[in-house]
Amino acid sequence: MYDVLIVGGGPAGLYAAYCLAKAGRRVAVFEEHPEIGSPVHCTGLIASESFTRFDLPRHANQAALREARFYSPGGHSLSVASEKDETVLLDRSAFDRGLADQARAAGAEIFPGHRVEALRRLRRNLVARTSNSTGMERLVSGRLGILATGASYGLHRGLGFQLPDRFVYGAQVEVGFEITSGVEVYFGNDIAPGSFAWIVPFTREGVAMAKIGVLASRDAMQYLTRFLRLPVVASRIRSRAVYQYLRRPVAVWPLPQTFGDRMLVIGDAAGLAKPTTGGGVYYSLLSAEFAADTACRALSAGDCSPRVLSRYQNAWRAALASELKVGSLFRGYASRFSDAQIDEAFQIVAAEPVTRLIRDHASFNWHKGIILALWRSSSMRGFLWRALMSRGGRIIGALRPFMKAYPAIKLREEGAATD
Ligand SMILES: Cc1cc2nc3c(=O)[nH]c(=O)nc-3n(C[C@H](O)[C@H](O)[C@H](O)COP(=O)(O)OP(=O)(O)OC[C@H]3O[C@@H](n4cnc5c(N)ncnc54)[C@H](O)[C@@H]3O)c2cc1C
């Protein structure tokens with residue numbers, strides 16, 4: 001009998017396994033894919049503070065990035081260089097494998113290629129029914145379970161958990177790209193409605209590449225196809241072969257309850273990602289650590305009841321609730337900006353003292369500070385009120401004529417890593 005059964009071998013599940021094994025608990029992690037870290041689940045941008053806050057493998061760092069350039073639909077641009085924190089670009093596949101090695105070294109048992117088909121609560125324990133690629137089934141029991149299934153919600157209802165109800169949709173490719181530095185972020189309703197598109201340069205075995213993606217309130221794949229055809233992107237692509245292609249939703253509001261009898265829910269499975277950007281690795285690690293701590297206390301007390309496990313939710317709420325609320329309000333508001341309003345916001349931000357505010361308050365992980373600082377600045381507040389009062393006109397189709405000049409990169413539905 002294991003102390004803890006963890007479903008899902010992404011950052012959340014693997015880091016929880018590491019923390020639990022380090023604390024002397026007997027842990028099993030089940031990952032449906034045959035290889036940990038594959039298919040890749042994200043761009044891999046995380047704040048460098050993650051490496052001081054958590055015990056993380058460092059060999060997967062592809063680049064350190066300090067500067068981002070932002071582009072509005074009307075052609076305004078802004079450069080933001082953070083002196084406070086730098087952003088690290090991870091090879092997510094190698095990062096996840098490193099987390100698995102670290103968890104194994106601490107004593108966790110990891111079973112790639114094992115999908116958990118069902119989890120059942122018994123009086124004194126839990127039983128997971130797993131199956132592997134040959135269809136062989138196995139029953140495994142544990143005292144406590146952790147759902148770390150990412151954006152897969154097939155087990156939630158059966159265990160009494162609700163499903164997330166606010167999503168954004170992401171799609172990304174890795175292609176050969178011209179040599180460039182710094183992250184580029186593009187806004188506009190024809191580019192990425194409700195969110196943004198990005199170009200993140202890196203090198204793979206000495207070859208210049210870029211992760212090019214879109215996060216949108218709908219149809220991310222179609223918007224990515226269009227983004228790849230824009231001259232500013234297409235003219236810089238050096239190889240039309242797509243190395244990696246992923247497409248998946250990100251829940252941007254947490255479940256109302258992330259604990260239950262003998263169960264905890266962490267990471268994307270709990271809807272814990274930044275509402276502003278959809279970034280979820282940091283929150284996954286944080287929730288994994290809180291869950292492991294609560295699980296250890298519950299196991300030591302011999303009481304895995306909801307009353308004891310509620311401590312986990314209190315912990316992540318204390319750390320994240322106000323960030324989530326402010327971020328979500330901001331998303332709900334800014335995602336409705338017309339292109340003209342995005343252009344106006346760029347012009348306001350480009351002027352001192354707002355630039356100074358951004359320099360002083362912008363943080364890759366913590367967005368509440370900069371959102372509240374912007375709200376307090378009179379020029380920005382005036383704009384936000386005007387935006388709130390008007391629906392504004394949209395610059396529709398301004399980019400469309402340019403898209404025809406470049407051949408499309410064909411993205412096949414079935415080729416995408418979707419889970
Ligand atoms: C396009 C895109 C770009 C992104 N970029 C970033 C970024 O730059 N930075 C950032 O912080 N976040 C980013 N994210 C979000 C990030 O990918 C997630 O927040 C993060 O992967 C969550 O980790 P997790 O462990 O909770 O889930 P996952 O990484 O999704 O891991 C869950 C694992 O559980 C497995 N699983 C599911 N069900 C079962 C089952 N029944 N049995 C066994 N295994 C199962 C899945 O196969 C998967 O491997 C991005 C997301 C998208 C879509």
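How many bridges join strand E14 to E15? I shall return to that after a word on the model, which is predicted.

The chain is divided into domain 1 (2-63 + 91-163 + 255-321), domain 2 (167-251 + 399-415) and domain 3 (329-389). The C-alpha centres of domain 1 and domain 2 lie 30 Å apart. Between these two, 13 residues of domain 1 are in contact with 14 residues of domain 2. On the domain 1 side, the touching residues comprise six nonpolar, six polar and one charged.

Now to the opening question. Strand E14, residues 196-204, is joined to E15 by nine bridges, and the two strands run antiparallel. They form a hairpin with two residues between them, and in the turn glutamate 205 has a positive phi of about 50°. Within this pairing, tryptophan 198 has glycine 213 as its bridge partner in E15.

E15 also pairs with E12, again antiparallel, through eight bridges. Here alanine 171 is matched with valine 214 of E15. Strand E15, residues 207-216, is mostly covered, with eight of its ten residues buried.

I turn last to the ligand. It is surrounded by 42 residues, of which Gly8, Gly10, Gly150, Gly267 and Gly280 are the closest. Among the elements that give two or more residues to this shell are helix H1 (11-22), strand E12 (167-177), strand E16 (237-251) and helix H6 (281-301). The shell has 17 nonpolar, 19 polar and six charged residues. Why does the ligand lie between domain 1 and domain 2? Both domains give residues to the shell around the ligand, so it lies between them.

How values were computed:
Residues numbered from 1 in each chain as written. Predicted model: local features only at pLDDT ≥ 70, side-chain atom pairs only at ≥ 80, totals over all residues. Near = placed C-beta within 6 Å. Helix = DSSP H or I, 4+ residues; strand = E, 2+ residues; numbered from the N terminus. Nonpolar A, V, L, I, M, F, W, Y, C, P; charged D, E, K, R; others polar. Domains from an automatic or database assignment. Contact = placed C-beta atoms within 7 Å. Buried ≥ 20, exposed ≤ 12 C-beta atoms within 10 Å, placed from the backbone. Pairing = 2+ DSSP bridges.
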